[in-house]
Every structure is written in C-alpha cells, then in structure tokens.
Amino acid sequence: MGQGFNDYPTFCRSCQSATMASQLLRLAEESGLSPGESELAVNPFDGLPFSSHYYELLEQRRALPIWAARFIFLEQLESSPSGVVLVSGEPGSGKSTQIPQWCAEFALARGFQKGRVTVTQPYPLAALSLALRVADEMDLTLGHEVGYSIPQEDCTGPHTLLRFCWDRLLLQEVASTRGTGAWDVLVLDEAQERSVASDLLQGLLRDARLGNLPDDPRVVVVTDPAFEPKLQAFWGDPPILHVPRGPGRCPTPIYRDTVPTDRVEAACQAVLELCRKEAPGDVLVYLPSEEEISLCCEFLSREVGTLAVPGHPPRVLPLHPGRGQAVQAVYEDTDSGARKVVVTHWFADFSFSLPSIHHVIDSGLELRSVYNPQIRAEFQMLRPISKCQAEARQLRAKGAPPVFLPPGSCLCLYPKSFQELEALPLPQPRVCEENLSPLVLLLKRRQIAEPGDCHFLDRPAPEALMQALEDLDYLAALDDEGDLSDLGVILSEFPLAPELAKALLASCEFDCVHEMLTLAAMLTAAPGFTRPPLCAEEAALRRALEHADGDHSSLIQVYEAFIQNGADKAWCQTRGLNWAALCQAQKLRGELLELMQRIELPLSQPAFGSEKNRRDLQKALVSGYFLKVARDTDGTGNYLLLTHKHVAQLSPYCCYRSRRAPARPPPWVIYHSFSISKDNCLSIVSEIQPQMLVELAPPYFLSNLPPSESRDFLNQLREEMAASSTASTESESSSTQEFGDACVLQ
C-alpha cells in the first residue's frame, strides 16, 4: 500500500502553492476511493461516476512499487526549478502507466494552461499498448480523453488530455514549430533505449531552457537506474524520483558453460522442459532476430500440442514490431488458464511488462542494423546485449503485481564470462548507428545551421554528419549557404526517407504521381516478400504478381492486386504477403496523398502499365535514388556499387532471381537498400538505362564517384550526349536559317 492520505499536511507544507497542493490532493483522494467509501465519486476528467472495474484496477495499481512515491513525484513536479524531473526505476515497477496519469492530474489542477500531457515511446506499438492500458485504468474512453498517435493512425480528438505517441512523430511536430510544442507536461519514457528521437528531443528541450518559457511547462524523463547518472549530468542535477524496489525476489541466473551452436533449438528445448516440469507462470524467450523468433514459434507450436500436461497446451505468442497490433495478444487473459510462451527480442527489453512472466530464457544476443556512412550501407550486426539489458531481462522473471509467485527461473544460454567480458554497460545510442540524413533534414528545418552544435547525449561521428549533409546537397535539399532550399523545405514535410521524398516530388514533373504514391507507401511499410515460398503453389502465385520491369513495379502490382481483392487477409496468406503491412501501406498512401493535396502539389491519373508511364516512373526513381546504382560488369550477377567498390548480389526475393534460366541479370540497376550481411544483398531492384542516370543525376555527383570503369563509362556517355545535344541544336538553328532565307528569296 502506498503513502496514505493522512500525509496531507506534510504534502501541503512542501508545495510552493497551497492552492495547487489542495487541488492535487483532491484529485488524489478522488482516485483513491474504494466502492464502499463513496458511491458518488466522479471521474474528474469526464465528470462521470467511476465504474466497478476502475476500483478493481485501482487495487492493482496500489500494489505497484511506484505507488508509494506518488506524492513525492507530484511535489517534485510542482517545485522543480528547471521544470525537469527524472524518474528512475526497474522494469515492471509501474513507471510507464502511473507517471502519465499523475502528470494528467497535475495538468488538470493547472487547468491545462498550454495543451495536454504528451508521453513518448521509442516504439509505436508500445505507445498503442500503453494508451489502451492507461485509458482502462483511468476509466476513460480511448480516442477521447486518452489517445495515441502512431504512424498511419491518430486516435486523438479535440478533448484529448493525455496522448501517447511515437517519439519520432513528436520530433517531427517540434521541428515544424518555433516553440517546444503544445503540451503542459511532456513525459519522455524509456530514455535508456537511446532512440534517435528521444536523444534529440532532450537536446532541443535543454537548449530551450524550460524555466524561461511561458506557461511554465514540465518535462519528465523516465529511465532505467543504469542510465540515471548520465541523464543527471546532462540535465544539470534535476530532482530525481527513485522508485522503490518491489516485493518478490529475482531468481539467480543459471548460465550455460558454452554458447549453443543452435540458439533456437536450445531455447525450444528449455521451454519444453519447463512445460514438462509444470513449473507455474508464463515464459519469456529472448532471441536475436525476427527470423529466429518465427522459427522458434513454428517449432514450439508443433511440439506443445504433444506434451502430456494437464489442461490446455501452452499458447506460443511472437512479440516483435512486424506483428503490428496483434502484439496485444500477449495481454489477453485466457479462460482456459493456458500457459503463455512469449518469444521476443530487444523489442521487449524494457517495454511491454507482462506481470504473469515467471521464467526467462535469454540468448544474450541481439541482431541490429548499423549504418556505415562511408559506404552508405547497413550492417546486420549480431552482438552481445548490454549489461543493462541483461539485468532488465533477468528482472522479468520476478513477475509484477498483481501476480506474485514463488521464485521462478532465468536461464542464460551463454557463460557468465561472456557477459562480463564482452558486454557494454549500456545500450548503444542509435544516433551513432543510424543514417542521419532524416535527422539533419529536421535540424535544418529547425534552423540549426550546424547540426554538430546541437546538444546530444552522445555526439554522432563527424563523418556521419558530413555524409548526411553531402547526401542532402546531392538531392538539392540545401542551398549554397547550407540552409534548406525551397525543395528541402518540402522534402522535410514528408514522413519518408529524403531520397524517397525526392523521387515522389520528381513524379510531379514526370506525371506519374499515382504510381509513385503507391510505391512510396509500399517501400516504407510493406517491402515485398520476406521469406521463401512454402510450396510450389505459393511460388506460382507469387510469380503471377511479378512485373517485367523489376521489383519496384512488382510492388505496385502487389498493392493494386491487394486492393482489387478487397484487402483480403486470406489472399495475402496464400501468397506469403504480410497483410498487416499492406494495410499500413494503404493508410500511409492516403496520408501522403492528403499531404500532397494540402501543399498543392500536382497529381496525375493512373497509367500503370503504359510504355510512357514505365519510362516516367524510372525517371522519378533515378531522380531520388541516383546514389543507389549498381552495375553488373561481367554478366555473372556480381554488382559493383557506384558510390564505393563493394560487390553485392541480388536478394533471394528479387524478381530477377526467380525468373527461369537463361535470364541474364540486368547490367544496370537501381536499388532501395544494401545490407552487408552473410550474402551482401541488394533489396528492391529494378533495371535502368545508364543514359537516364547521366541525364538526371547532378553532374558533380558523377565527377565525385570513385575511380572505376563505370565512372569512366558514364563520363564518356555524358560527353557523347552533350555533343549530340549540341549538334541537334545547331541542326535546328541551321534549318531555321535556311527556311528564313528561302522565304526571302521567294
């Protein structure tokens, strides 16, 4: 049980404003009543009586470790000189659900002077999940008083007081305004995840000096204890709320002597052994990648049905971003009482607290995409998780209120020395591992002339910032002074990668906007097939969707077939397509169309399939993706990338690979992404003509290419095209002169 309401005099004396204290206390008292204490208690946020379900959840909230610190937090939020409060606590302590509700009480007592309470999350699905839970706990309507904003879905309204949102969306909003945004209280949750947006938002807010802003806004930064010292130094020693440790004992980790050669098999066998022992509680399995999660779920789904255990067989549930809103299944209670086996990766290191978890199986590894600015490529890096992540995973086995069971288990599929010797103390900051072009575009929009001057928790490498500036310059997003050009301002409006936004704008010139809108949505939300076909029938159905012009046109064809078939889920499943991702692409396409109409850009009628549209679409793509061109120099399918001398192959899912022999790989291609992994793949590839590259790429880009046979060929081609153009102009001029002379003679 938390601090009682008899502490009211102490609370009042500690607050700077007695009126504020009494208002906060009244809200606290109203939300702390039980059904027997008052039958007339009303919800201060909507004026309606509390339901019986509210009181059931209230008892669970009171059992959370953070509940005891409630009044201390409200006092710190009111009295913080800088307007900043740090909240430090373990996963499962209730930080992410309770802090937003208390901030809403605080803002309500102030009359919501400036706006509302905004809570950021590093993952869109985490924002959605928390909005659902908090609306339930507050006895309010989702989409009305409590809402969420995630890509392609804005579930808020004019009366929304508490909004959960993806941190990148808030960063986009802040970059588009002169101030800090329309909020009374901003909660930056899971700061230890080190997302680019969260780090940059903290830098922008620190530079804004909250204490000097009108309306006295407040910022709450919520983090894991391991990251607390760094944040404390960054924010200048603000008040810190230390969340007490909850009841229950974390089980002693059991380490393996060696790392297993097959992680998936080792994890599956450990799960089956737990099920045979009938140890109480649900199971959480951590594997490095989505591919391994899928393999594990497929194996366990087959095997658990054969187990001789009482009751219903365990439910196997994957938990990763690709699952979309289906991740909510991990929170659904089952009347049958079947055990849940949740298989996840780094996605659930800190987010998605599951009270019923009692057993953890940890591979100790994560697969992350790390961008290399020197070669404009992503590495798929398999690496040990940080010590902070390892501890957070082990704490999951302790369980959380209201479910406390006897000590569970934590099996680490690696030796103890593996973590001690190879793991970093904290997760790597993503700002040091991602392509910074979108970030620099936002900073330029914010009129920060030198991105390196912005306050970062960890400063990105200078070469990463320089590469981002160079790429934006090639795309004509910057003017001669290095500020945003008119084109750059428009590019920054789109929730797309800069090169994709440039291709979309170029489609206005080449009259293929309808097709490019579809392609932009598909490349962002649903980039084609992600696994091999399961049978010959599925392979044949896939080939029917392929287009002769390459993967880009195939994506358009897939989308149009999806719409023509009524966005049917079964239709997607028989072809190995991700139905949820295609639905997201449909929503994103609508958003992009609305944005283009709002800024009054020209549109076009559908013409997919015509010869003219085919050429126009290629021109639009080359206008944005000229930095991503490769050449097959010897006809064997080994592609040399123009911007550096790396060699790559076509992805196994590329339509050129699935064509029957003796189909020859196209000599020149444009690609969407290049990933350095075990097979160095180019993904989403289409054939282009080198003349188109010479015509549409900036001349200084071709001159700056590294020395190669391809560069020499392109420069020679440019000279030939220039000479041909000059000769054609002179010929036209001569014909005009002769025609004029003939007129005189007559």
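I began at residues 738-746 of this predicted model, where I found that pLDDT stays under 50 and that the model has zero contacts beyond four places in sequence. I then looked at residues 1-19, but before that I noted the chain as a whole, for which the mean pLDDT is 86, with 87% of the residues reaching 70 or more. Over residues 1-19 the pLDDT is below 50, although this stretch has 24 contacts in the model beyond near neighbours in sequence. I keep in mind that where pLDDT is low, the predicted coordinates should not be read in detail.

Next I traced the sheet, which is open and has eight strands in the order β4-β3-β5-β2-β6-β7-β1-β8, with mixed pairing. I noted that β4 (153-155) and β8 (240-242) stand at the edges, and because each has a single partner strand, one side of each is left without a neighbour in the sheet. On average, neighbouring strands of this sheet are turned by 15 degrees against each other, direction ignored.

At the β4 edge, I found that β3 (residues 146-150) and β4 run antiparallel and are joined by three bridges, and that I150 stands opposite E153 in β4. I also looked up helix α8 (residues 196-208), which lies across β6 (185-188) and β7 (218-223) and runs at about 145 degrees to β6.

Last, I turned to L621, which I located in helix α23 (residues 611-625). Is L621 buried or exposed? L621 has a relative accessible area of 5%, which is under the 20% cut-off, and therefore I count this residue as buried. Leaving out residues up to four places away in sequence, L621 touches A503, M516, L519, H552 and I670. I also noted S507, which is 114 residues from L621 along the chain, while their C-alpha atoms are separated by 8.2 Å.

Terms used. Residues are numbered from 1 along each chain as its sequence is written. This is a predicted model: local features need pLDDT of at least 70, side-chain atom pairs count only at pLDDT 80 or more; totals for chains, interfaces and linings use all residues. Side-chain values use heavy atoms; hydrogens and water are left out. Two strands pair if DSSP finds at least two bridges between them. Helices (H or I, at least four residues) and strands (E, at least two) are DSSP runs, numbered from the N terminus. Axes are lines fitted to C-alpha atoms, for helices over the stretch in contact, and angles run from 0 to 180 degrees between N-to-C directions. Contact means heavy atoms within 4.5 Å. pLDDT is the predictor's confidence in each residue, from 0 to 100. Buried means under 20% relative accessible area, exposed over 50%, partly exposed in between (1.4 Å probe, protein chains only).
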